[in-house]
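Welcome, and thanks for taking a look at this structure. Here is a short briefing to help you find your way around.

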Amino acid sequence: MRILLISSSYNGLCQRAHVELEALGHDISITLALNPDDIRKGVTFFQPDLIICPFLKEKIPEDVWKKHHCFIIHPGIKGDRGPSSLDWAIMNGEKEWGVTVLQAVEEMDAGDIWATETFKMRQASKAGIYRRELTKAAIKAMLQAVRHVESKTFQPEPLDYSKPDVRGELRPLMKQVERKIDWATDHVATIIKKINAADSAPGVLDVIDNQEYYLYGAHEESLLQGWQPGEIIAQRHGAICRAAIDGAVWISHLKRKNIVKVPFYKRFLSHDKQFDFKLPAAKVLGSLLDETPESPIDPLFMGSELTFKEIWYEEKKQVGYLHFNFHNGAMSTTQCRRLLESYRLAVARPTKVLVLMGGSDFWSNGIHLNIIEAAENAANESWRNINAIDDIVLEILTTQTKLTVSAVWGGCGAGGAMAILAADKVWAREGVIFNPHYKTMGLYGSEYWTYSLPKRVGPVKALELTETPLPIGTKKAKAIGYIDEILPDDYDLYREQVRQKAEALAMDPYYRQLLEEKQKIRQKDERVKPLAAYRAAELQKMKINFSGKFYGGEVNYHEARYNFVHKVRPKETAAYLAKHMRLDAAKLSELRQPLAY
Ligand code: COA
């Protein structure tokens, strides 16, 4: 079928829908819902058999949904309606939630039901549930709805609130008054629930020292305590710990309210750097934390107590598991340096295999664009950050004393999608989406990708992956040799398989030979071209990018980063997504041919 995806942004769910539908042989084009005319243009040029809206905040124009089969993927159970579905589900402590594929009609979310799936809720942020449970259920429901359309006999179910399985209801947009934390009466569990329900957007509005901030990234603390609820009692790695009536809670990120947005082209005129985007809490509060004690944590934290930790380690049966759960997978200079220290400590442990687990939502998304944007000198900070991430990748590439594995549960993009390749083996959860390219950020890229990527997929595929800024799914990734194994989508099964496979590797009767073979390959590769030469060549091009000049593309890194961090919507759908625009351009040039002769 010709399927047009209409989406508010090309987000993780839209990327996964794209990859899954294309893998089934459907012809896919994408249009961002930037305005009604853009949507109409996509529909007119592509002439789809079916329209699917994986993530839509805007209304579909009436003339579009009236003439075309149009599905909305709604993040709620049967009967649920409104723009804050998951927010309410978390706030109301729902044990089970779901996703429903609805036919678009005049009334929002009130159309016939084509498919529905449910999932168990867990204590996590809204974005975390969206990326894990909801995305998995949404893809299952979407594929079922597509099969129903193909069958041509399926009768969708009209929304009928008298049916016992229609448990949802119409709920309004959740407002800040409903999210508000009352530090004098709210327990830790309530505070965490409130922050989770608003994370990653819009955040919970709160007041610290007479200034309003949005709060993000809540973590329970089981040891520290304070007397005054709401008081900041400690800081660690950019996060702040605040006392509550029954314990304490860490808040990792803040965004200041009431900041006038400065457009990219005017940003050099503003003297005072004001951050209207999410940053580590300590960075936002600055000197306010001068007296706040730092609460240290072991670089190879192995404890079980609840606290804010970005890096921790587990060990069992000669296998070490290094977790690095950096917020949004973004890795700043200091985070990279801490990870390098932890990595070295993990390598020094008496194990045979070291598994790099990444984080719960992302393995890594490369350098930290928000921290760079907030730096006094963005070019210098970019340089420091890329070198710090390269140092980690180098350490993994040159680990000679044990076998290493990248176990990818969350997605990864840009530098993160290259960093996974530094390990000897790459295993990924079935639903992972990889974005192994830097083009959209106007970067040539580093992380030794010019060594690791062609080594795995060959030079032609390496060029194809890096030149076309499109995501790939695990089936394609395995077929081209980018990853070695696909593991189950279910978290418990995934963890169990990672454990079993890593232990099998450690116990392999040929372990010594495997290690020797790895050492020999590294030595041979080093003789052909030293890793330092790959790094120098990559960084030379990155330096050009950081200086604001273009390298092999039309995107300016500083502008692209500004737009990404400030969430500036593009003016039009990029041509690499909007196949209908490419088709149209091809048709136009065909039409022009006779005139040229
Ligand atoms: N630095 C800072 N923040 C980052 C980040 C980075 N490198 N990569 C992702 N994020 C943040 C996003 O701003 C977003 O923040 P929010 O949800 O708190 O508002 C969050 O992570 C999720 O990202 P999103 O783009 O919504 O996720 P996705 O699954 O739709 O897309 C990527 C994943 C990797 C394609 C996309 O995030 C991306 O292009 N990231 C930039 C990668 C990059 O260019 N890195 C620098 C070069 S090494």
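Between which domains does the ligand lie? Domain 1 (2-151) and domain 3 (311-546) both contribute residues to the shell around the ligand, so the ligand lies between them. Please keep in mind as you read that this is a predicted model. The points below start with the ligand, move on to two sheets, and end with some backbone details.

**Around the ligand**

- The ligand is surrounded by 24 residues, and those that come nearest are G12, K278, I367, L369 and K567.
- Sorted by class, the shell around the ligand holds twelve polar, nine nonpolar and three charged residues.
- N328 offers a polar side-chain atom 2.9 Å from an oxygen atom of the ligand.
- For N365, a backbone N or O atom lies 3.0 Å from a nitrogen atom of the ligand.
- L369, one of the residues that come nearest, has a polar backbone atom 2.9 Å from a nitrogen atom of the ligand.
- How much of the ligand does the protein bury? Taken alone, the ligand exposes 860 Å², and the protein buries 84% of that.
- Two elements, α1 (12-23) and α10 (369-374), each give two or more residues to the shell around the ligand.

**The sheet that runs from β13 to β21**

- Here six strands make up an open sheet, and their order is β13-β14-β15-β17-β19-β21. The pairing in this sheet is mixed.
- At the edges you will find β13 (311-316) and β21 (485-487), each of which pairs on one side only.
- From one strand to the next, the twist averages 20 degrees.
- To see one pairing up close, look at β13 and β14 (residues 319-324), which are antiparallel and share six bridges.
- Within that pair, E315 stands opposite G320 in β14.

**The sheet that runs from β2 to β6**

- Another open sheet has six strands in the order β2-β1-β3-β4-β5-β6. Its pairing is mixed.
- Which strands form the edges of this sheet? They are β2 (27-32) and β6, and each of these pairs on one side only.
- The twist in this sheet averages 20 degrees from one strand to the next.
- For a parallel example, try β3 (residues 50-53) and β4 (residues 70-74), which pair over three bridges.
- In that pairing, I52 has F71 of β4 as its bridge partner.
- As background for both sheets, strands pair through backbone hydrogen bonds, in either a parallel or an antiparallel way.

**Backbone details to look for**

- Most peptide bonds are trans, and most residues other than glycine have a negative phi. The points that follow depart from that pattern.
- D199 and S200 are joined by a cis peptide bond, with omega at about 25 degrees. S200 sits in the loop between α7 (188-197) and β7 (204-208).
- The peptide bond from A201 to P202 is also cis, and its omega is near 5 degrees. P202 is placed in the loop between α7 and β7 as well.
- Where is D109 found? D109 is in the loop between β5 (96-103) and β6 (113-120), and its phi is positive, near 60 degrees, although D109 is not a glycine.

Definitions and conventions:
Residues numbered from 1 in each chain as written. Predicted model: local features only at pLDDT ≥ 70, side-chain atom pairs only at ≥ 80, totals over all residues. Heavy atoms only, no water. Near = heavy atom within 4 Å. Polar contact = N/O pair within 3.5 Å; in protein donor to acceptor, adjacent residues only side chain to side chain. Areas by Shrake-Rupley, 256 points an atom, 1.4 Å probe, with all protein chains shown as cover. Helix = DSSP H or I, 4+ residues; strand = E, 2+ residues; numbered from the N terminus. Nonpolar A, V, L, I, M, F, W, Y, C, P; charged D, E, K, R; others polar. Domains from an automatic or database assignment. Pairing = 2+ DSSP bridges. Axes fitted to C-alpha atoms, helices over the stretch in contact; angles between N-to-C directions.
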